[in-house]
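Colleague: I am new to this structure and would like a close look at one part of it. Please start there, and then work outwards until I can place that part within the rest.

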Amino acid sequence: TQFAAADIFLLPSIYGEGLPMAILEAMAAGCVVVASEMASVASVIEDGVNGYLVEPRNTAQLVDRLKKIIYESFAWQPITEAAQATVRDRFAIPDYIEKLEAIYKEVAA
């Protein structure tokens, strides 16, 4: 995928998009993710732990965050490892299927 060739994934959204799958895909691929703190994004990205959050429409904050990330590339590994662990631990396909089946059984009952 294109994510595997990238180091940084940037999604400065100004719309509440729920939880964009692209964020999870980028995290799983080992990208440093920078995203707007919108909708469900903040429930997955813990700022400075497994990615970075910026305020929507705050261009100065976004530029500052990108500069810091670029100049501190030595700090990427713990962030990307935590991001991959987040996706593996919270969004694994077998777990998702199990949760979905439980919802269907509950609704059908």
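Modeller: Gly18 sits in the loop that runs between strand β1, residues 8-11, and helix α2, residues 21-28. The model is predicted, and every value below was computed from it. Buried means under 20% relative accessible area and exposed means over 50%, with partly exposed in between. Gly18 has a relative accessible area of 27%, so the residue is partly exposed. To place this loop against another part of the chain, take Val54: the C-alpha atoms of Gly18 and Val54 are 16 Å apart, with the two positions 36 residues apart along the chain.

It helps to have the whole protein in mind before going on. The protein has five helices and three strands. Read from the N terminus, the order of its elements is α-β-α-β-β-α-α-α. Along the principal axes, the C-alpha atoms fill a box of roughly 55 × 25 × 25 Å. The protein has 109 residues, and 31% of them count as buried.

Two of the buried residues are aromatic. Phe3 has 18% relative accessibility, which is under the 20% limit, so Phe3 counts as buried. Phe9 has 14% relative accessibility and therefore counts as buried too. These residues belong together for another reason, since the structure holds one aromatic pair. That pair is Phe3 and Phe9: their ring centres are 5.4 Å apart and their planes stand at 70 degrees, so the pair is edge-to-face. The label follows from the angle, because planes over 60 degrees apart count as edge-to-face. Both values are needed, as a pair of aromatic rings is described by the distance of the centres and the angle of the planes.

Next comes the loop between β2, residues 32-36, and β3, residues 52-54, where Asp47 is found. Asp47 has 40% relative accessibility, so Asp47 counts as partly exposed. Asp47 also belongs to a patch of negative charge on the surface, in which Glu37, Glu46 and Glu55 are the other members. Ala39 lies in the loop between β2 and β3 as well. The backbone of Ala39 deserves a look: its phi is near 45 degrees, a positive value in a residue that is not glycine. Ala39 has a relative accessible area of 52%, which is over 50%, so Ala39 is exposed.

A positive phi turns up again past β3. Arg57 lies in the loop between β3 and α3, residues 59-71. Phi of Arg57 is near 70 degrees, and Arg57 is likewise a residue other than glycine. With 66% relative accessibility, Arg57 counts as exposed. Asn58 is found in that loop between β3 and α3 too. Asn58 has a relative accessible area of 24%, so Asn58 is partly exposed. Asn58 can also be set against Ile14: they are 44 residues apart along the chain, while their C-alpha atoms are separated by 9.9 Å.

Further along the chain there is a pairing of charges. A search of the whole structure finds one salt bridge. Its partners are Arg88 and Asp89, whose closest N and O atoms are 3.8 Å apart. The pair qualifies because a salt bridge needs a side-chain nitrogen of Lys or Arg within 4 Å of a carboxyl oxygen of Asp or Glu. Arg88 has 54% relative accessibility and so counts as exposed. Asp89 has 54% relative accessibility, so Asp89 counts as exposed.

The last stop is helix α5, residues 93-108, where Ile93 has its place. Ile93 has 56% relative accessibility, so Ile93 counts as exposed. With Tyr96 and Ile97, Ile93 forms a nonpolar patch on the surface, and together these residues have about 320 Å² of accessible area. Helix α5 also holds Glu98. Glu98 is exposed because its relative accessible area is 57%, which is over 50%. Finally, the C-alpha atoms of Glu98 and Val49 are separated by 28 Å, and their positions lie 49 residues apart in chain numbering.

Note on methods
Residues numbered from 1 in each chain as written. Predicted model: local features only at pLDDT ≥ 70, side-chain atom pairs only at ≥ 80, totals over all residues. Heavy atoms only, no water. Phe/Tyr/Trp six-rings, centres within 6.5 Å; stacked < 30°, edge-to-face > 60°. Buried < 20%, exposed > 50% of the residue type's maximum accessible area, 1.4 Å probe, protein only. Patch = residues over 30% accessible without salt bridge, like charges linked within 9 Å, V, L, I, M, F, W, Y side chains within 5 Å. Areas by Shrake-Rupley, 256 points an atom, 1.4 Å probe, with all protein chains shown as cover. Lys, Arg positive; Asp, Glu negative; His and termini not counted. Charge placed at Lys NZ, Arg CZ, Asp CG, Glu CD. Helix = DSSP H or I, 4+ residues; strand = E, 2+ residues; numbered from the N terminus.
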